[in-house]
Amino acid sequence: MKIVNLKVNGVGKTFIARPETTLLLALREQLGLTGAKRGCAQGACGSCTVLLDGDPVVSCLIPAMTVDGGDVATVEGLADGPVLSDVQQAFLDGFATQCGFCTPGMIMSAEALLDRNPSPTRDEVNEAISGNVCRCTGYEPIVSAILDAAERRRAGANL
Amino acid sequence: MLTEVHVPEDVPAAVSLIAAGATIIGGGTLVMPALNNHGSPPTELVSLRRTGLAGITVTGSTVTIGATTTLAQIEHDPRLAILHPVVRSIASVPVRTLATVGGNLFARQPYGDLAVALVALNAKAVLASQEAPVELPLGEHDPATAGLGKRAVTRAGLEERDTARAGLGERDTATAGLEERAPVTAAEERALVTAVTFELTAPGAFRYLKAARRRYNSASLVTVAATITEAGGVRVALGGVSDHVVRAVRVEQALAGRPLTEETVAAAAQAGLTELSPADDAYASAWYRRRVFPVHLRRALLGL
């Protein structure tokens, strides 16, 4: 057992981690943030994707004890009250979600992409979400939504 | 089950824990999938995250990459442009943020494409143990270094061995790009890869081509990495065609002193077929991998 401190969506959090507590488990079971999902627990499906120190990670593969002091961003931290983030709004407008299980991971991967690359090509979007598996949509609406979000973000920056 | 996760602050502390039997975890992308999905006997992990082993230095043409440097860090370092196609062919973005260079040496085939590239680049692994540090060439089986190779394999087999002991995986996975596999015994020394180092090649001299089922995030069907040396030779390493990284010695011998033409490369591929021992797996059949190999050797070396 070890006390772990994390900044989660900008707020300091402290919890007790057991050795087998993954970052995903801590977020879901101890901090009540159930946006990130446990899909495969193998790092293959991407439904647990969050940002750790600004970079996208599969949180199911990270023992929580190893990231004490880290800065974590989850899908819960994106909206400003009722106002969705540009990526979330683009997903909503573009019907880029069906069952929704993959959506938080998709959105966090998209956020990470747009943070690094404001003008991605369609192929770069494909690469960015290649670790996020969706079994409903066929990906096309998701890729289009991310490109749409990029356009909105660029337009917003120009205002 | 995991009974302890050590997070040592330096290499000597990590080496002591390894010597005491703890299993190394770098980025966790190899160790954690096994631990997440299976019951396991009590397992202690030693995380390398805070050991200060991450970092890339380029001095002249000499590149040294710390063992816990992530694939993403390579991908975003403009000095390592020759490795960008390699790391971008491996796994997905959120996995590359975690996966480390040191860990990739121990990925079981048909994964571990960076190890294939490093063998082709004649890279060396720097090892730390409770004795003096040593450097080991990857992919060599020179009898003179057999003892060292055995030690490297000891380390190389570490994660797999612990996994095997935990009842989670296979014992006999070839690792670290070392062709020579030695049996691992409990008495053998346990060492830690702290860095890999290699010389940057002349522009265009390093070739890399990976055949996979999808453009991104898919295991290797056949991976070809090659360095064309100034002396007119070619150093070739292959992934996806065996249970370990293959240094394609017969391909190299067939091409030694000859110009790279369709004819010479086709003949070298024929010679190289005898070095392959591909598997049937979920990605491709052994038959298909043998068919793909000559095509991708040609494309890697000739660009056509």
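The following exchange concerns a predicted model and the contact between chain B and chain A.

Q: How many residues does each chain bring to the contact?
A: Chain B contributes 32 residues and chain A contributes 29 residues.

Q: And what area do chain B and chain A bury between them?
A: The two chains bury about 2400 Å² between them, and 56% of that area lies on carbon and sulfur atoms.

Q: How many salt bridges are there between chain B and chain A?
A: The count is 3 salt bridges. One is between the side chains of D123(A) and R215(B), at 2.9 Å from N to O.

Q: What about residue pairs in polar contact across that interface?
A: There are 11 such pairs across the interface of chain B and chain A, with both residues at pLDDT 80 or more.

Q: Which elements of chain B supply at least two residues each to the side that touches chain A?
A: Those elements are the strands β1 (2-6) and β3 (43-47), together with the helices α2 (31-37) and α5 (93-96).

Q: Turning to chain B as a whole, how many helices and strands?
A: Chain B has 12 helices and 12 strands. Of its 304 residues, 57% count as buried. The accessible surface of chain B is about 12300 Å², with 54% of this belonging to carbon and sulfur atoms.

Q: On chain A, which residues form a nonpolar patch on the surface?
A: M1(A), I3(A) and I16(A) form the patch, and together they have about 360 Å² of accessible area.

Q: Where is I16(A), and why does it count as partly exposed?
A: I16(A) is in strand β2 of chain A, residues 11-17. I16(A) counts as partly exposed because its relative accessibility is 49%, and the partly exposed class lies between under 20% for buried and over 50% for exposed.

Notes: Residues are numbered from 1 along each chain as its sequence is written. Chains are lettered from A and ligands numbered from 1 in the order in which they are written. This is a predicted model: local features need pLDDT of at least 70, side-chain atom pairs count only at pLDDT 80 or more; totals for chains, interfaces and linings use all residues. Side-chain values use heavy atoms; hydrogens and water are left out. Patches are made of residues with over 30% relative accessible area and no salt bridge: like charges are joined within 9 Å, nonpolar side chains (Val, Leu, Ile, Met, Phe, Trp, Tyr) within 5 Å. Accessible areas come from the Shrake-Rupley method with a 1.4 Å probe; for residues, only the protein chains shown count as cover. A salt bridge is a side-chain nitrogen of Lys or Arg within 4 Å of a carboxyl oxygen of Asp or Glu. Helices (H or I, at least four residues) and strands (E, at least two) are DSSP runs, numbered from the N terminus. Buried means under 20% relative accessible area, exposed over 50%, partly exposed in between (1.4 Å probe, protein chains only). Contact means heavy atoms within 4.5 Å. Buried area is the accessible area (1.4 Å probe) that two parts lose on being put together, summed over both. A polar contact is a pair of N or O atoms within 3.5 Å; within protein, one must be able to donate a hydrogen and the other to accept it, and residues adjacent in sequence count only if both atoms are side-chain atoms.
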